[in-house]
Amino acid sequence: MSVAKTFIEGVYHKNPVFRLMLGLVPAVGATTVAWNSLYLGLMTGAILLVAAVVVTIVRPFVPKAVHTILQIAVLTVLVTAVHRWAVGVNPEMVIQLGIYIPLIVVNGVILQRLSLVQSLPEAVVGALGQGIGFTAALVIIGIIREFLAYGRVFDVVLLEAQYSPFALANTIPGSLLIVGLLMALVNALMGKGGEIHE
Amino acid sequence: MSEGLGALAQGVIQNNLIFMQGLGLYALTRWTKSLDTAVRAGAAVLAALFTAAVALWMIESFIFESFSLNIPFVIVVALLSAMFWEKLLTNVWRPATEGTLAASLLNSVLVGSLLLMESWGAQGPATAGLGFAAGVGFALGLVVMAGIRQRLELSPVPKALRGVPILLISAGLVGMALMGFRF
């Protein structure tokens with residue numbers, strides 16, 4: 001399969017959130033405003049890329065029984081480093097994201113990607129596609145939720161004070177509704193059903 | 001007594017892991033296909049969560065003073081607890097569990113709720129109680145959603161909504177109902 005095809009498949013046809021139904025916890029929980037979604041998506045994508053490279057290189061030298069532990073160990077080191085770095089750069093964002101930065105360790109997108117045995121170029125292209133697809137999905141959800149809940153997008157006010165906010169969009173149940181409807185929209189565009197085939 | 005009941009209600013309703021915190025959606029989409037798998041998954045997570053909470057409390061009070069936001073530490077506790085219960089339960093439940101149980105146990109529920117313990121005001125033995133209550137809430141949530149899913153199988157759902165989308169929307173509606181119980 002060509003490089004471009006693998007990449008586009010990861011972004012669109014196999015979008016982690018809307019098609020594979022992975023990484024739903026950050027997609028539902030951490031997307032209250034668009035900037036936070038973008039930051040979290042980029043962090044997850046970067047960690048996925050580095051972890052894919054490290055795990056692909058180290059895996060042949062490690063017995064099969066400890067592959068899960070290897071993945072978790074690599075991810076824990078990377079997430080701790082990113083967390084420390086983010087505290088120094090933008091502490092406010094770390095407080096707002098709360099538990100969702102540590103939860104990157106058990107992100108379904110990353111764990112599913114790392115469990116595949118691939119060559120190094122395949123792993124890099126696949127990780128890039130999935131990372132960008134995940135970021136795009138998070139930003140779309142974040143824009144919709146921020147607009148409904150506060151009347152603004154990326155901190156730019158679009159609706160003035162007359163707008164009475166749709167407060168439900170700021171809560172987890174409202175987010176579940178929005179993500180479910182978006183998934184249905186993507187399914188309708190592709191002409192497919194929303195069942196899981198694994 | 002009333003304090004314990006209050007903690008239980010808080011864990012099951014007010015801070016319900018699935019509906020109010022949005023954690024464990026992997027379990028919600030994968031393990032609710034039948035009541036059987038939902039009960040087993042709920043029980044396994046309840047056991048692992050309680051064990052991890054007890055371990056957290058003991059290590060905190062006897063070895064370290066504070067575990068606040070110590071990410072590697074929380075992850076190691078969750079991993080050990082998940083692997084312990086995986087070894088115990090795979091032999092008993094082998095036919096029904098697909099894939100490795102450790103990978104499924106180590107989803108966002110375990111790590112997420114251990115990280116949330118502090119914001120729930122857990123101190124000392126109350127950590128174990130809150131862990132148990134959160135596990136009960138999670139198991140009940142899975143069972144409820146398995147029941148809803150069985151009813152949905154028989155309903156004429158539009159093609160695009162079938163499967164996960166309608167499941168998430170149903171979970172959102174249950175969550176909205178639980179929001180009425182803020183006390």
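Leaving aside its neighbours within four places in sequence, which residues is Thr31(A) in contact with? I will start there and then move out to the interface, the salt bridges and the surface. Please keep in mind that this is a predicted model.

Thr31(A) sits in the loop between helix H2 (24-29) and helix H3 (34-58) of chain A. Its contacts, with those sequence neighbours set aside, are Pro26(A), Ser37(A), Leu138(A), Ile141(A), Gly142(A), Arg145(A) and Ser175(A). Is Thr31(A) buried or exposed? Thr31(A) is buried, because its relative accessible area is 0%. The side chain of Thr31(A) also reaches the backbone oxygen of Ala27(A), at 2.9 Å.

Chain B has a threonine to look at as well. Thr29(B) is in helix H2 of chain B, and with 0% relative accessibility Thr29(B) counts as buried. The side chain of Thr29(B) is joined to that of Arg30(B) by a polar contact of 3.0 Å. Not counting residues up to four places away in sequence, Thr29(B) touches Arg149(B), Val164(B) and Leu167(B), and also Leu24(A) and Ile196(A). Those last two residues belong to chain A, which brings me to the interface.

How many residues of each chain are in contact with the other? In chain B the number is 38, and they are in contact with 37 residues of chain A. Between them, chain B and chain A bury about 3200 Å², and 79% of that is on carbon and sulfur atoms. On the chain B side, Arg30(B), Ile71(B) and Leu168(B) lose the most area to chain A, together 17% of what that side buries. Arg30(B) is also the residue whose side chain meets Thr29(B) in the polar contact I just mentioned.

What about charged and polar pairs across this interface? The rule finds zero salt bridges between chain B and chain A there. Four residue pairs are found in polar contact across the interface, both residues at pLDDT 80 or more. As for which elements of chain B touch chain A, helix H2 (25-30), helix H4 (71-93), H6 and helix H8 (164-179) each supply at least two residues. H8(B) gives the most to that side, with 10 residues.

A word on H6 of chain B, which covers residues 108-116. This helix is mostly covered, with nine of its nine residues buried. The buried residues of H6(B) include Ser108(B), Gly112(B) and Ser113(B), along with leucines such as Leu110(B) and Leu114(B).

Now the salt bridges. Over all chains, the count by this rule comes to three. In general, side chains of opposite charge can pair when their charged atoms come close.

One of the three is in chain B, where Asp36(B) forms a salt bridge with Arg40(B), the closest N and O atoms being 3.6 Å apart. Why are these two separated by about one helical turn? Because they are four residues apart in helix H3 (residues 35-62) of chain B. As a general point, an α-helix has 3.6 residues a turn, so residues three or four places apart point the same way. Asp36(B) counts as partly exposed, at 41% relative accessibility. Arg40(B) is partly exposed too, with a relative accessible area of 23%.

In chain A, salt bridges that share partners join Glu146(A), Arg152(A) and Asp155(A) into one network. Glu146(A) and Arg152(A) meet through their side chains at 2.9 Å, N to O. Arg152(A) also meets Asp155(A) in a salt bridge, at 2.8 Å. Is Glu146(A) buried or exposed? Glu146(A) is buried, with a relative accessible area of 0%, whereas Arg152(A) is partly exposed at 23%.

Last, the surface of chain A. Which residues make the nonpolar patch of about 430 Å²? They are Ile8(A), Tyr12(A), Leu185(A) and Leu189(A). Helix H1 (3-13) and helix H8 (172-190) of chain A each supply at least two residues of this patch. To take one member, Leu185(A) lies in helix H8 of chain A. At 49% relative accessibility, Leu185(A) counts as partly exposed, because exposed here means over 50%.

To go back over the main points: Thr31(A) and Thr29(B) are both buried. The interface of chain B and chain A buries about 3200 Å², with zero salt bridges across it by the rule. The nonpolar patch on chain A draws on helix H1 and helix H8.

Technical notes: Residues are numbered from 1 along each chain as its sequence is written. Chains are lettered from A and ligands numbered from 1 in the order in which they are written. This is a predicted model: local features need pLDDT of at least 70, side-chain atom pairs count only at pLDDT 80 or more; totals for chains, interfaces and linings use all residues. Side-chain values use heavy atoms; hydrogens and water are left out. Buried means under 20% relative accessible area, exposed over 50%, partly exposed in between (1.4 Å probe, protein chains only). Patches are made of residues with over 30% relative accessible area and no salt bridge: like charges are joined within 9 Å, nonpolar side chains (Val, Leu, Ile, Met, Phe, Trp, Tyr) within 5 Å. Accessible areas come from the Shrake-Rupley method with a 1.4 Å probe; for residues, only the protein chains shown count as cover. A salt bridge is a side-chain nitrogen of Lys or Arg within 4 Å of a carboxyl oxygen of Asp or Glu. Contact means heavy atoms within 4.5 Å. Buried area is the accessible area (1.4 Å probe) that two parts lose on being put together, summed over both. A polar contact is a pair of N or O atoms within 3.5 Å; within protein, one must be able to donate a hydrogen and the other to accept it, and residues adjacent in sequence count only if both atoms are side-chain atoms.
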